[in-house]
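Open the model in your viewer and keep the selection tool at hand. The stops below go from single side chains to the whole chain and back.

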Amino acid sequence: HLQLEETWGIRLPFAYKEINNGIKRIFKQVTWSDQPQNFIPQSYYTRERDEVDRPRDPQHFKAAYKLLPASDIPAILRSFHLEYLHWSLISRSKHEDMGIHNANAFCLHCNTVATNSHLLNNCVMAQLIKTVIRKFFAHKKWNNTLLSDDTYLSYLWWDPKVLNNATYKEIWLVWAKIRKHAHRCDFLPRIDWFGPLQFAAKTATAF
């Protein structure tokens, strides 16, 4: 199933880059390809405006895009991560803002507004994912403090001083897959039969 979606997904980062660069040039703003060191995605500033947890260094946020052009990673995961980084991923709160009938903007587990930031970074399921990953790092005796940092585990950006490329890619694949699963489980009717206990069992076997 993932391989079938690769036929369109492999072009996704390239298409976005070309469209985005064209728009930026129209308004004479900095583009990633023209000035890669100076360009900062607009979604970083949106997170800053909304006071959402984010890397303090914008370059770390940009490093979270590292694997999007990698054709050996399933397109469905790269697309999901791209939407997360660009703040366009659907959520319960967005459903309510869109006026969808019977939409419920609140998290079913935490009784707080179910934004994507909450669901993927702060919700009980998100914290479970982070706990599992931290325990995996501890089991491997990887003691770099960044690996246990809450913000780092919300974005999992590329840092060659912490993990080599092959190891980073393997961990990123598991991280992205279970985060995507948590996102899907948040939407009814799946949440009725796939609750926190079942999710915990599935996450525990991920590594």
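Is Phe 137 buried or exposed? Select Phe 137 in this predicted model. Phe 137 has a relative accessibility of 2%, and because the cut-off for buried is under 20%, Phe 137 counts as buried.

**Rings around Phe 137**

Show the ring of Phe 136 as well. Phe 136 and Phe 137 make a tilted aromatic pair, with 6.1 Å from centre to centre and 50° between the planes. Now add Trp 142, which forms another tilted pair with Phe 137, at 5.9 Å centre to centre and 40° between the planes. Trp 142 has a relative accessible area of 27% and is partly exposed. The structure holds eleven aromatic pairs.

**The whole chain**

Clear the selection and switch to a cartoon. The protein chain has twelve helices and zero strands. Of its 207 residues, 44% count as buried. A surface view shows about 11,500 Å² exposed by the protein chain, of which carbon and sulfur atoms supply 56%. Among contacts between residues at least 6 apart in sequence, 51% join residues at least 24 apart.

**Helix 3**

Select residues 42-49, which make up helix 3. Which residues of helix 3 are buried? They are Ser 43, Tyr 44, Thr 46 and Arg 47. Look down the axis of helix 3: its buried residues fall within an arc of 160°, so they line one face of the helix. An α-helix has 3.6 residues a turn, so residues three or four places apart point the same way.

Next, colour the elements that this face meets. The buried residues of helix 3 pack against helix 4 (58-63), helix 5 (75-85) and helix 9 (150-155). After helix 3 comes Glu 51, with a positive phi near 60°.

**Tyr 84 and its surroundings**

Select Tyr 44, Tyr 45, Phe 61, Tyr 65, Tyr 84 and Tyr 155; these residues form one aromatic cluster. Then centre on Tyr 84 and display two arginines. Arg 47 lies over the face of Tyr 84, at 5.3 Å from the ring centre. Arg 179 also lies over the face of Tyr 84, at 4.6 Å from the ring centre.

**The largest nonpolar core**

Which members of the largest nonpolar core touch the most other members? Select Tyr 152, Leu 156 and Trp 172, which do so among the 40 residues of this core. Helices that each supply at least two residues to the core include helix 7 (116-122), helix 8 (124-139) and helix 10 (165-185). Helix 10 gives the largest share, seven residues. In soluble globular proteins, nonpolar side chains tend to be buried together.

Stay on Trp 172 and show what surrounds it. Leaving aside neighbours within four places in sequence, Trp 172 is in contact with Leu 67, Ile 73, Leu 77, Arg 78, His 81 and Leu 156.

**Last stop: Thr 151**

Move to helix 9 and select Thr 151, which lies in this helix. What is the relative accessibility of Thr 151? The value is 15%, and Thr 151 counts as buried because the limit is under 20%. Not counting residues up to four places away in sequence, Thr 151 touches Asp 53, Arg 54, Pro 55 and Trp 157.

Terms used: Residues are numbered from 1 along each chain as its sequence is written. This is a predicted model: local features need pLDDT of at least 70, side-chain atom pairs count only at pLDDT 80 or more; totals for chains, interfaces and linings use all residues. Side-chain values use heavy atoms; hydrogens and water are left out. Helices (H or I, at least four residues) and strands (E, at least two) are DSSP runs, numbered from the N terminus. Buried means under 20% relative accessible area, exposed over 50%, partly exposed in between (1.4 Å probe, protein chains only). Contact means heavy atoms within 4.5 Å. Accessible areas come from the Shrake-Rupley method with a 1.4 Å probe; for residues, only the protein chains shown count as cover. The arc is that of the directions from the helix axis to the C-beta atoms. Rings of Phe, Tyr and Trp (its six-membered ring) pair if their centres lie within 6.5 Å; planes under 30 degrees apart count as stacked, over 60 as edge-to-face and the rest as tilted. A charge sits over a ring if NZ of Lys or CZ of Arg is within 6 Å of the ring centre and within 35 degrees of the ring normal. A nonpolar core is a set of buried Ala, Val, Leu, Ile, Met, Phe, Trp, Tyr and Cys residues joined through side-chain atoms within 4.5 Å.
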